[in-house]
Amino acid sequence: MFKSNKRIRKPLTSESSKPRVVTTKTVMTMKKTGDKIAMLTGYDYLIAKYLDQVGIDIVLVGDSLGNVVQGHETTLPVTVEDMIYHAKAVKRAVKHALIAVDMPFMSFQTSVDDAVRNCGRVMKDVGVGAVKLEGGEYIADIVRHLVRIGIPVMGHLGLTPQAINKFGTYEVRAQDANEASELLRDAKVLDEAGVFSIVLEKIPSSLAKKVTESVSVPTIGIGAGVHCDGQVLVVYDMLGLTEEFKPRFVHRYAELAETMRGAFREYINDVKSRKFPSENESY
Ligand code: KIV
């Protein structure tokens, strides 16, 4: 029987009609088509693998790893080396999602040259699809240059944890008219500078709506209400691993801290009582 050597072409879309490979262009198109963007943070190989397997659109290697993985009080101590280390693990796992990497404090704010060198390293050494930079109008020239040389940038406005020492609190931002209009202007400037999306963190829902309607690129909210084009959460928060951190915007989809403690307790008891290992678990 004749057998064709021709390979059957894989459909461009998966069963769930999600694009097989998500690019920054896909993300921008999703605003136009009205498809909500689902982003979660990922810092290691296994979690990134599971996120990718179930069709997450974007894995953000967030500098929140400084808090949840490294145990720092703020994200300020995180280095470019730390981000590259984690991004490489994520990159090994992800086949479909867009990977965006947070650029840490003082890795891009200092000059266009520093931004090019550090963002360039992340793009070139790891091979991810985009970087994320916190900040508004004051980083517009940096964003413009990065985009011009082929480095896609995700913006981040509202509560920007790298500016914690300026604001002094992690409370909801832009509640007064001045800060709200400044944020709206920042969003328009970033849009004009060429970002492909903007994270809006912990701002009033009404302001997030206004921003979302005023910019051409998708907004991705965290504590910014229902009107954003997409949503992001820190994966350890939504899994219930960061137990003490309970802001109202975090929807807990699991209670893994308790599950883990239960497993650890059982293991300790089994070892102490000589129940583990059994004959079956021995060679
Ligand atoms: O670092 C991070 O995880 C973030 C998200 C909260 C957006 O910036």
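Visitor: What distance separates the centres of domain 1 and domain 2?
Guide: In this predicted model, the two centres, taken over C-alpha atoms, are 38 Å apart. The domain assignment places residues 24-252 in domain 1 and residues 255-283 in domain 2.

Visitor: Which numbers of residues from domain 1 and domain 2 take part in the contact?
Guide: Domain 1 contributes 5 residues and domain 2 contributes 6 residues. Contact here requires heavy atoms within 4.5 Å.

Visitor: What makes Ser 64 a polar contact of the ligand?
Guide: A polar contact is a pair of N or O atoms within 3.5 Å. A polar side-chain atom of Ser 64 lies 2.5 Å from an oxygen atom of the ligand, so the pair meets the cut-off of 3.5 Å. For Asp 63 the corresponding distance is 3.1 Å, and for Asp 102 a side-chain N or O atom is 3.0 Å from a ligand oxygen atom; these pairs therefore also qualify.

Visitor: How much of the accessible area of the ligand does the protein cover?
Guide: The ligand has 260 Å² of accessible area on its own, and the protein covers 95% of it. The ligand sits in the largest pocket.

Visitor: Why is Lys 132 counted among the charged residues of the shell?
Guide: Lys 132 is one of the residues around the ligand, and Lys belongs to the charged class, so Lys 132 is counted there. By class, the shell holds 4 nonpolar, 4 polar and 3 charged residues.

Definitions and conventions. Residues numbered from 1 in each chain as written. Predicted model: local features only at pLDDT ≥ 70, side-chain atom pairs only at ≥ 80, totals over all residues. Heavy atoms only, no water. Near = heavy atom within 4 Å. Polar contact = N/O pair within 3.5 Å; in protein donor to acceptor, adjacent residues only side chain to side chain. Areas by Shrake-Rupley, 256 points an atom, 1.4 Å probe, with all protein chains shown as cover. 1 Å grid on protein atoms, 1.4 Å probe; cavity = no way out; pocket = protein on both sides within 12 Å on 5 of 7 lines; lining within 4 Å. Sits in = over half its atoms within 2 Å of the grid points. Domains from an automatic or database assignment.
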